[in-house]
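Dear colleague,

I am passing on the structure we spoke about, and below it you will find my notes on a few of its elements. Please read them with the structure open beside you.

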Amino acid sequence: MSSSAGVAVERPGAALLEAARQELLDARPLGVAHHERASRVLPRGTTRARFWEPLPIYVKKAEGAYLTDIDGRDYCDFNLGQGALVLGHAHPAVVAALESQLEKGTHFGPPTHNRMELAELIVDTTPGADRVAFVNSGTEASMGALRIARKATGRSKVGKVEGGWHGANEFVLHSFMTLSGDVGRPDVNLDSIGVSSVATDNVIVLPFNDRRAFDRIREARDELACVIIEPVLGGGGCLPADPWYLEGLRAVCTEIGALLIFDEVITGYRLGPRGGAGHYGVTGDLTVLGKAAGGGQPIGVICGRGDLMDETMWPASGSPGDAVFAGGTFSGNPMTMAAGVAMVGELVHHPEHYVQLEELGERSRVGLRRVASDLGVTVFATGVGSMVGVHFSKVMPSNERDLLSTNHLAAHLLRVYLELDGFVSRGVSFLSTAHTVEDVDRFVAAFERALRRLRAEGALEA
Amino acid sequence: MGGRAHELMEAVRAELWRTHPNSASAHAHAIKRRVIGSTRSRFWPVPLYVERAEGAYLYDVDGFRYIDCNMGHGPLILGHRPPAVVAALAEQIRGGNHYGPPSSKECALAELIVAGVPGAEMLAFTNSGGESTMAAVRLARAATGRETVGKCEGGLHGNYEPLLFNVFSIAGETDRPELVADCAGLPDGVANDVVVLPFNDDAAFDLVREHGSELACVVVEPLQGSAGTFPASTSFLQGLRAVCDEVGALLVFDEVITGFRLAPGSAALTLDVRPDLVTMGKAIGGGMPVGAVIGRREHVMPTDSPPGGGFHEQVFVGGTFSGNPMTSAAGYAQLAQLVENPALYQELSAIGERMRRGLREALSELGIPGFVTGVGSIWGGPYFMDREPASMRDLLDSNQVAGKLLSTCLLEHGVLMTAPAHLNFLSTAHTEEDVDQVVEAHRDVMKMLQSEGCL
């Protein structure tokens with residue numbers, strides 16, 4: 001151990017990372033003990049440890065805009081359950097709905113009324129959605145949507161953009177973070193090991209915010225079943241699609257008879273009651289929802305054109321192989337439906353929430369940019385509405401390639417320094433209606449302190 | 001469908017609609033709005049809408065009470081609303097139902113699950129049994145560098161593309177099933193990644209050998225659920241273990257149904273067979289959505305990239321809600337009770353055996369040829385046929401129309417089961433009296449069906 005640590009210190013930034021790690025360990029003794037215990041049964045102490053290097057915050061409770069960890073430390077939360085909690089933690093409407101459902105029972109085989117209620121809310125708000133099918137996660141929803149597209153078109157391949165994230169569905173688990181090839185014609189790179197080559201053979205990777213995508217789609221006209229895209233790349237760094245790009249995708253998909261699928265797992269009920277489609281005024285053939293649609297309970301939603309979904313998922317007759325399967329013990333379960341109706345209902349019936357979310361998001365972006373400019377530091381704030389991205393790239397990023405120049409050391413240290421200062425934010429930040437203007441201003445002030453420290457430590461030159 | 005059976009089915013359904021006006025109007029609304037595509041679920045003969053549930057009973061929106069023989073498709077081993085689970089969830093709801101960073105409760109649930117799987121050291125959480133099996137297959141591919149997956153005819157493993165073959169369909173020879181996709185829209189080439197094996201049939205071993213050099217794993221349910229509740233024979237599982245070792249493939253037990261249902265942990269606790277990876281779902285979430293892939297450290301650890309490593313260095317397992325606090329709280333509350341009171345499994349087996357015995361006696365008394373399958377608190381049937389079934393293929397000979405009719409008629413007797421009743425569950429909330437009532441209801445309905453000439 002000692003010899004490898006000695007080698008590591010010689011690498012640029014390693015000493016800074018080690019010092020930051022030590023500060024976290026010192027600040028959270030109970031967290032350290034829990035991490036040791038949890039690392040025996042969970043890879044590096046939690047599912048998805050990769051998000052929370054080097055020491056996960058083990059959360060004890062949450063309310064409004066705040067998390068409290070097992071060491072009793074409070075954090076203003078700009079992660080919000082990876083974006084799911086548009087109303088903040090433990091919102092009274094969600095709490096009441098879950099408590100009421102708990103009185104009745106958590107899970108049944110046959111259906112409940114609230115499944116219909118949530119389906120109606122979704123159809124009444126999501127552009128182009130006539131029918132709804134519930135599953136358990138965004139991943140399962142995108143798996144289903146791709147199958148609908150293949151069945152409807154009789155074609156097999158899927159187009160996705162570089163930097164687009166669609167969950168663990170292996171047919172789109174490509175070229176999210178692993179980028180190579182010509183900018184206008186990116187390589188197809190797997191983002192996981194253990195995936196069959198069949199998946200890779202069925203993917204076409206498109207350049208994001210780049211007209212060459214349209215030609216690539218036309219070229220694949222005989223084999224392309226669909227293009228799936230997030231209107232604003234979420235995990236990819238809060239990078240909005242240019243309006244002409246989404247409009248162009250819509251037109252070229254229609255031209256070649258492929259479906260356009262909007263992955264609105266993040267943007268749905270976050271950018272507005274009508275999601276990213278409403279924001280851009282472009283309508284997909286199918287839409288995939290998750291996160292906010294379940295009010296913080298596990299959910300995935302496939303929705304879209306009635307004719308498409310009827311023919312593929314619920315054909316009038318035929319063998320099992322004629323229908324797209326979307327099962328699951330917990331699909332449409334009453335707790336998820338209750339929390340979803342509460343959160344989506346609150347947001348849809350009170351659209352003024354989106355005015356507040358937009359103000360908070362814009363105040364964050366403006367504040368972050370002002371701080372960067374005052375300090376003469378190259379940092380960029382991206383995003384739309386209540387989605388905010390912070391990037392240590394050399395240029396203002398408009399696609400994932402621009403982020404190849406990212407100073408990852410600075411990005412990692414920024415997250416740790418913000419945590420030490422009482423803020424949770426993973427580069428991509430989310431706001432909720434529970435956040436106040438003061439929360440945002442304190443966040444910007446913490447960002448300034450962190451930037452000053454990074455500058456003083458020489459971490460911005462890397 | 002036979003003429004009389006068809007008439008009877010329509011008559012019973014009409015009567016159920018008449019006597020259940022609130023469910024009927026909810027159904028009419030669902031058809032009118034048509035926002036949920038399928039207005040007739042494949043499981044339920046008539047869509048009764050649930051109002052609430054308590055213990056072994058489920059109450060519909062018309063106030064009718066049913067003895068629940070489905071238990072949410074299996075997760076609710078302690079019945080509906082066991083006090084420990086309700087208390088844990090009530091506390092968690094107040095403390096926030098979902099976080100981004102991990103909940104402090106994820107670890108405790110993981111410890112209980114891992115302790116219940118012989119030889120296991122670690123797990124990773126997902127949101128469903130299907131996602132877990134997807135993760136297990138990827139881990140097996142990563143460990144072996146091979147791509148092909150073996151699965152059994154009739155095996156239901158959820159939503160993952162290569163496992164959606166020969167789930168419901170039967171084709172080809174008994175000892176060499178022919179590949180059939182049971183889902184539309186699968187991509188080109190997936191079929192090349194799959195080998196379908198006969199279930200409970202030694203011919204499976206030669207098929208595994210045949211594909212040995214390309215086979216990453218064999219996925220098998222120790223008890224096939226959806227297929228009709230057929231326990232795998234110990235010799236079949238031992239044979240699969242041996243042949244997987246021989247060809248260097250991993251053996252994956254899909255224990256979404258059996259996990260913590262037959263014993264306080266894996267079915268491997270009661271079998272002399274050790275799988276390399278185990279997947280679970282259902283019961284380990286205490287009624288909340290859940291999945292987990294469980295195994296030795298070296299097999300599970302690759303689900304996360306090394307510190308600072310890229311996505312291409314990991315077997316991706318993620319998910320916004322994986323390991324979420326509500327699931328962790330409810331799962332822990334349920335499993336702790338089961339682990340601390342292993343005698344509960346004897347009680348569950350006793351009432352399960354009482355159910356199977358009662359149903360068999362009723363068949364025999366009425367002189368109806370039929371069979372009941374299952375083990376512990378799980379049963380399938382009665383299947384109306386002349387020869388005892390051991391696989392989904394055998395059920396081709398059963399009178400499925402009569403099976404569906406039976407489940408439909410049982411609703412009128414206050415018994416809730418899927419139609420046909422391929423996979424049924426009891427809980428610790430069910431009493432001997434509940435079991436006897438279910439048996440009596442079967443006896444009454446079967447007698448009526450017999451007199452109507454439907455059996």
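Before I turn to individual bridge partners, one term should be fixed: two strands are said to pair if DSSP finds at least two bridges between them. Please also keep in mind throughout that this is a predicted model.

I begin with chain A, where strand 5 (residues 157-161) of chain A pairs with strand 9 (residues 224-229) of chain A in the parallel sense, over four bridges. Within that pairing, K157(A) has L224(A) of strand 9 of chain A as its bridge partner. Strand 5 of chain A is also joined by four bridges to strand 8 (residues 203-206) of chain A, and these two strands likewise run parallel, with G159(A) standing opposite I204(A) of strand 8. Five of the five residues of strand 5 of chain A are buried, so the strand is largely enclosed by the rest of the structure. K157(A), G159(A) and V161(A) point one way from the strand, while V158(A) and K160(A) point the other way, and all are buried.

Elsewhere in chain A there is an open sheet of three strands, in the order 15-16-18 and with antiparallel pairing. Its edge strands are strand 15 (380-384) and strand 18 (428-430) of chain A, each of which pairs on one side only, and the twist from one strand to the next averages 25°. Strand 16 (residues 387-391) of chain A pairs with strand 18 of chain A over three bridges in the antiparallel sense, and there G389(A) has V428(A) as its bridge partner.

In chain B, I looked at helix 9 (residues 325-340) of chain B, which has 16 residues and reaches 22 Å from its first C-alpha to its last, close to the 22 Å expected at 1.5 Å a residue. Twelve of the 16 residues of helix 9 of chain B are buried, so this helix is largely enclosed by the rest of the structure. The buried residues, among them M326(B), Y332(B) and L338(B), pack against helix 3 (83-94), helix 4 and helix 10 (343-366) of chain B.

As for helix 4 (residues 106-115) of chain B, it packs against helix 9 of chain B at an angle of about 35°, with the axes 9 Å apart, and passes it in a left-handed crossing. E106(B), A108(B), L109(B) and L112(B) in helix 4 meet S328(B), G331(B), Y332(B), L335(B), A336(B) and V339(B) in helix 9 of chain B. By class, this contact has seven nonpolar, two polar and one charged residues.

With best regards

Key:
Residues numbered from 1 in each chain as written. Chains lettered and ligands numbered in written order. Predicted model: local features only at pLDDT ≥ 70, side-chain atom pairs only at ≥ 80, totals over all residues. Axes fitted to C-alpha atoms, helices over the stretch in contact; angles between N-to-C directions. Left-handed = near helix turned anticlockwise from the far one by under 90°. Contact = placed C-beta atoms within 7 Å. Nonpolar A, V, L, I, M, F, W, Y, C, P; charged D, E, K, R; others polar. Buried ≥ 20, exposed ≤ 12 C-beta atoms within 10 Å, placed from the backbone. Expected span 1.5 Å × (residues − 1).
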